[in-house]
Amino acid sequence: MRSILIIDDDDTVRATLVEFFETFGHTARGAATASQGRQLAAEHAPDVVLLDLRLPDASGIVALDALLADDPELAVIVLTGFADVTTAVQAMQHGAADLLEKPVDLEALEAAVARAAQRGRLRQEVQVLRAHARADEPVAASLAPTLEALIVLAANNADAPVLLQGETGTGKGFVARQIHDRSPRNQLPFVEINCASLSTTFFESELFGHERGAFTDARQAKRGLLEVAADGTVFLDEIAELGQEVQPRLLKVLEERSFRRLGGTTTLRSNARVIGATHQPLADAVADRRFRADLYYRLQVLTLTLPPLRAHPDEILPLAQRFLPKGAALTRAAQDALRAYRWPGNIRELKNTLWRAAILARTTPIDVVHLGLPGDPSVVPTSRPASQVRTLDEAEREAIRVALAAVDGNRSAAARSLGIARSTLLEKLKKYGLEAAAAVAER
């Protein structure tokens with residue numbers, strides 16, 4: 001089973017491709033914008049990304065650069081309705097694994113995805129072998145030494161459950177992958193599920209699988225992620241949100257290594273390693289009787305607490321250099337602003353801020369005005385609760401406002417700097433009430 005991400009602003013195309021790949025038993029997710037796609041790619045580490053070259057918030061080439069900046073080994077297949085030699089060459093030069101013209105033949109697409117996934121697996125195996133050859137070197141230079149040591153400890157104890165704790169955006173998914181990739185299970189599947197995103201029934205179906213007729217929409221039997229993972233790793237994100245009805249079944253898996261599909265009578269075995277993650281202290285959920293104490297004690301055999309970015313200001317610039325798209329650079333003032341900001345959204349906010357800034361700066365070095373950080377960057381802001389972190393709409397509105405200011409309100413120039421169509425910009429100006437910020441006359 002593969003994990004596939006479709007980034008396309010056409011609702012019909014996106015839904016059709018998601019359904020097509022799910023029919024073959026793959027995990028498929030869709031994103032309508034480049035920013036949403038990049039976020040999903042970071043959160044779910046897909047095997048293959050299908051990327052439309054025309055997106056409302058960025059050009060496909062910019063989106064491709066950003067995806068590969070986050071994960072250089074990611075297999076990205078570009079889909080375009082206006083393929084030509086120049087487009088194909090440009091996409092391939094920027095690292096695309098393949099390019100297909102719309103309307104795409106589904107059989108050809110499935111074959112292309114299989115090829116890309118296979119190449120991706122081979123590259124990952126090479127990386128694993130190289131990592132083993134230099135096991136005394138830290139894989140992620142940005143990790144704090146104490147956290148690095150804990151990751152190594154967790155990786156070496158490949159049968160023990162792991163609990164990852166830390167604020168939203170601190171990189172729990174990344175650390176879970178690091179633990180898997182450095183463990184003896186690294187050649188086996190790594191599967192993940194968000195405990196907060198599904199109802200109890202659908203969560204159980206995803207994790208344990210179901211037999212035909214187990215519930216209303218169960219038209220055919222389905223293997224759960226525990227079966228798919230086999231002897232690999234199962235990552236349960238936001239495990240504090242796990243429904244109380246499911247908790248005893250997960251405890252049984254951890255203690256007895258056995259489970260049943262929904263509606264099934266056959267006992268199945270699971271040797272998968274379980275890694276849980278939460279942004280809220282699990283002990284508090286136990287105290288509030290929302291989480292079983294026995295399950296908590298079973299999960300926290302190895303507990304890794306990821307520090308917020310503001311606790312390690314010396315790591316901000318090394319991380320920023322790592323997240324910058326190819327060819328982008330930071331001015332000294334921008335570097336000072338990055339260090340001064342408190343990053344309530346942690347690593348995820350840093351990545352998104354830099355990507356948006358690179359779009360605004362285009363070919364010039366990223367300066368303070370492109371970052372769009374709230375408040376005076378010369379003053380260190382105080383930490384803000386998660387409820388006050390900017391939404392994506394707020395960030396997009398700010399990016400558009402900064403782009404307009406940089407070109408004296410010229411809509412066409414602002415659209416070009418943002419990498420979107422002028423018509424798309426006009427729609428967003430109306431949506432965010434920014435028409436007055438744009439110039440009436442354009443040349």
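Glu238 sits in the loop between β10 (233–237) and α10 (247–256). In this predicted model, Glu238 takes a positive phi of about 50°, although it is not a glycine. Is Glu238 buried or exposed? With a relative accessibility of 15%, Glu238 counts as buried, because the cut-off for buried is under 20%.

Another backbone feature of this kind is found at Arg257, in the loop between α10 and β11 (258–259). Arg257 is not a glycine either, and its phi is positive, at about 60°. A further point to check in the backbone is the peptide bond from Lys102 to Pro103, which is cis, with omega near -10°. Pro103 belongs to the loop between β5 (98–101) and α5 (106–133).

Back to strand β10, where Thr233 is found. Thr233 has a relative accessibility of 1% and so counts as buried. Which side chain makes a polar contact of 2.7 Å with that of Thr233? The partner is His180. Leaving out residues up to four places away in sequence, Thr233 touches His180, Arg185, Pro189, Phe190, Val191, Arg273 and Ile275.

Now for the nonpolar interior. The largest nonpolar core has 31 residues, and the elements that give two or more residues to this core are β7 (190–194), α8, α9 (225–229), β10, α10, α11 (282–287) and α12 (293–299). Which residues have the most contacts inside this core? They are Leu236, Ile239, Leu242 and Phe291. For Phe291, the contacts beyond four places in sequence are Ile239, Ala240, Leu242, Gln244, Gln247, Leu282, Ala285, Val286, Tyr296 and Leu299. Apart from the largest core lies another one, of 25 residues, with Leu51, Ile61, Ala63 and Leu64 among them.

The aromatic rings deserve a look of their own. How many aromatic pairs does a search of the whole structure find? There are six. A pair of aromatic rings is described by the distance of the centres and the angle of the planes. Two of the pairs are set out here.

| Ring pair | Distance of centres | Angle of planes | Class |
|---|---|---|---|
| Phe20 and Phe21 | 5.1 Å | 70° | edge-to-face |
| Phe208 and Phe259 | 6.0 Å | 40° | tilted |

The plane angle of 70° is why Phe20 and Phe21 count as edge-to-face, since that class takes planes over 60 degrees apart. Both Phe20 and Phe21 are buried, and ring pairs link Phe20, Phe21 and Phe24 into a cluster.

Phe208 and Phe259 are likewise both buried. Why does this pair tie together parts that are 51 residues apart in sequence? Phe208 lies in helix α8 (residues 200–208) and Phe259 in strand β11, so the ring pair joins those two parts.

Phe208 also has a charged partner: the charged end of Arg249 sits over its ring, 4.0 Å from the ring centre. A lysine is placed in a comparable way over Phe323, with the charged end of Lys351 at 5.4 Å from the centre of the ring.

If you would like to follow one residue through the structure, Phe208 is a handy choice: its ring pairs with that of Phe259 at a centre distance of 6.0 Å, and the charged end of Arg249 sits over the ring of Phe208.

Definitions and conventions:
Residues are numbered from 1 along each chain as its sequence is written. This is a predicted model: local features need pLDDT of at least 70, side-chain atom pairs count only at pLDDT 80 or more; totals for chains, interfaces and linings use all residues. Side-chain values use heavy atoms; hydrogens and water are left out. Helices (H or I, at least four residues) and strands (E, at least two) are DSSP runs, numbered from the N terminus. Buried means under 20% relative accessible area, exposed over 50%, partly exposed in between (1.4 Å probe, protein chains only). A polar contact is a pair of N or O atoms within 3.5 Å; within protein, one must be able to donate a hydrogen and the other to accept it, and residues adjacent in sequence count only if both atoms are side-chain atoms. Contact means heavy atoms within 4.5 Å. Rings of Phe, Tyr and Trp (its six-membered ring) pair if their centres lie within 6.5 Å; planes under 30 degrees apart count as stacked, over 60 as edge-to-face and the rest as tilted. A charge sits over a ring if NZ of Lys or CZ of Arg is within 6 Å of the ring centre and within 35 degrees of the ring normal. A nonpolar core is a set of buried Ala, Val, Leu, Ile, Met, Phe, Trp, Tyr and Cys residues joined through side-chain atoms within 4.5 Å.
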